[in-house]
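Hello,

Here is the structure we talked about passing over. Please open it first, then read the notes below it.

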Amino acid sequence: MAGFSFVCAVLLCAAVAQTKPTLRKERVHHEPELSRQAHEDNKSFQYDHEAFLGKDEAKTFDQLTPEESKDRLGKIVDRIDSDADGYITTAELKAWIKRVQKRYVYENVAKVWTDYDLNKDNKISWDEYKQATYGYYLANPEEFEDATDQFSFKKMLPRDERRFKAADLNGDLAADREEFTAFLHPEEFEHMKDIVVLETLEDIDRNSDGHVDEDEYIADMFAHEDGGPEPEWVKTEREQFSDFRDLNKDGKMDQDEIRHWIMPQDYDHAQAEARHLVYESDQDKDQMLTKEEILENWNMFVGSQATNYGEDLTRNHDEL
């Protein structure tokens with residue numbers, strides 16, 4: 001989505017600091033991208049692979065034989081069964097999925113922490129983050145004068161500063177682990193939800209009128225490059241915009257409508273995924289899963305977030 005100028009800028013910056021600004025596609029899970037992938041049948045697990053972590057985080061388990069996968073999955077099932085009664089309920093599966101999601105977020109922060117904590121005081125100040133991410137740009141602004149891309153450093157710097165200050169609850173301009181986690185993963189924190197909504201609006205609102213119209217909504221998901229007919233799913237999304245996104249029927253989405261779209265109050269992704277996994281694997285229809293039922297449908301589980309897209313199958317059991 002970013003243009004050539006921004007790609008060049010990232011490469012120049014990476015040569016100095018190996019970091020880049022926090023882009024929307026790395027931080028917000030857009031529901032339309034997920035909702036297009038329907039639960040078609042028990043042989044299509046794309047939704048399960050993408051529903052929580054997104055495409056970039058999807059892991060495979062090709063390095064394991066089916067026997068190894070089933071053996072390790074069985075050990076994970078024992079951990080999910082929190083009351084050790086031999087049955088996995090939807091609530092237990094939901095709790096496990098949320099735990100895996102939370103672990104992913106904090107592990108992600110741990111991986112990049114040393115890139116930003118330059119003075120090793122176990123805090124990341126705004127100056128440290130700014131220098132690590134924008135140091136080359138700040139030292140050589142003339143090289144970026146012609147950058148007009150939506151995600152140019154000139155535009156992203158004040159956005160990152162605004163988000164950093166929102167995450168910095170005590171206002172000392174130095175983020176501890178929790179504050180930096182909120183900065184990198186604002187969608188996970190209640191006090192950051194306004195920032196997520198505002199940034200989503202800014203990302204999609206191409207005419208800068210403070211709203212998202214239908215064409216802008218579609219353009220965020222689909223680039224009509226060949227001039228041919230729109231795919232069927234795009235037509236469906238236009239109907240979604242009219243029927244469910246534009247709640248007051250004025251032809252555009254305001255911030256409240258965007259919030260309802262990307263963070264619906266009545267929809268819990270972990271709950272939906274847990275219900276789906278139970279529904280697809282519950283052979284005797286008692287609304288609970290035995291280890292045998294899960295192992296019978298092992299390919300769905302090792303490809304879903306129940307096992308962190310198969311990543312947990314490659315970990316030592318003691319790490320889980």
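**Helix α7 and its surroundings**

In this predicted model, the buried residues of α7 are F153, M156, L157, R159, D160, R163, F164 and A167. Charged side chains are on that list too: R159, D160 and R163.

The length of α7 checks out. The helix runs over residues 153-167, which is 15 residues. At 1.5 Å a residue, it should span 21 Å. Its end C-alpha atoms lie 20 Å apart, so the expected and computed values agree.

**Packing against α8**

Next, the partner helix. α8 covers residues 177-184. α7 packs against α8 at an angle of about 140°, and the two axes are 8 Å apart. Angles over 145 degrees would count as roughly antiparallel. The pair is therefore oblique. The crossing is right-handed.

Which residues make the contact? From α7 they are D160, R163, F164 and A167. From α8 they are E179, A182, F183 and L184. By type, five are nonpolar and three are charged, with no polar residue in the contact. The α7 residues of this contact, D160, R163, F164 and A167, also appear among the buried residues of α7.

**Two single residues**

S281 sits in helix α13, which spans residues 269-281. Buried or exposed? S281 has a relative accessible area of 2%. The cut-off for buried is under 20%, so S281 is buried. Leaving out residues up to four places away in sequence, S281 touches L289, E293, N297, M300 and F301.

D194 belongs to helix α9, residues 193-204. Its relative accessible area is 51%. Exposed means over 50%, so D194 counts as exposed. For a distance to check in your viewer, take D194 and Q255. They are 61 residues apart in sequence. In space, their C-alpha atoms are 8.9 Å apart.

**The whole chain**

How many helices and strands does the chain have? The secondary structure comes to 15 helices and four strands. The chain has 320 residues, and 44% of them count as buried. Now the contacts between residues at least 6 apart in sequence. Of these, 65% join residues at least 24 apart.

If you want a place to start, open the α7 and α8 pair, with its axes 8 Å apart. Then go to S281 and its contacts, among them E293 and F301.

Best wishes

Methods: Residues numbered from 1 in each chain as written. Predicted model: local features only at pLDDT ≥ 70, side-chain atom pairs only at ≥ 80, totals over all residues. Heavy atoms only, no water. Helix = DSSP H or I, 4+ residues; strand = E, 2+ residues; numbered from the N terminus. Expected span 1.5 Å × (residues − 1). Buried < 20%, exposed > 50% of the residue type's maximum accessible area, 1.4 Å probe, protein only. Axes fitted to C-alpha atoms, helices over the stretch in contact; angles between N-to-C directions. Parallel < 35°, antiparallel > 145°, perpendicular 65-115°, else oblique. Left-handed = near helix turned anticlockwise from the far one by under 90°. Contact = heavy atoms within 4.5 Å.
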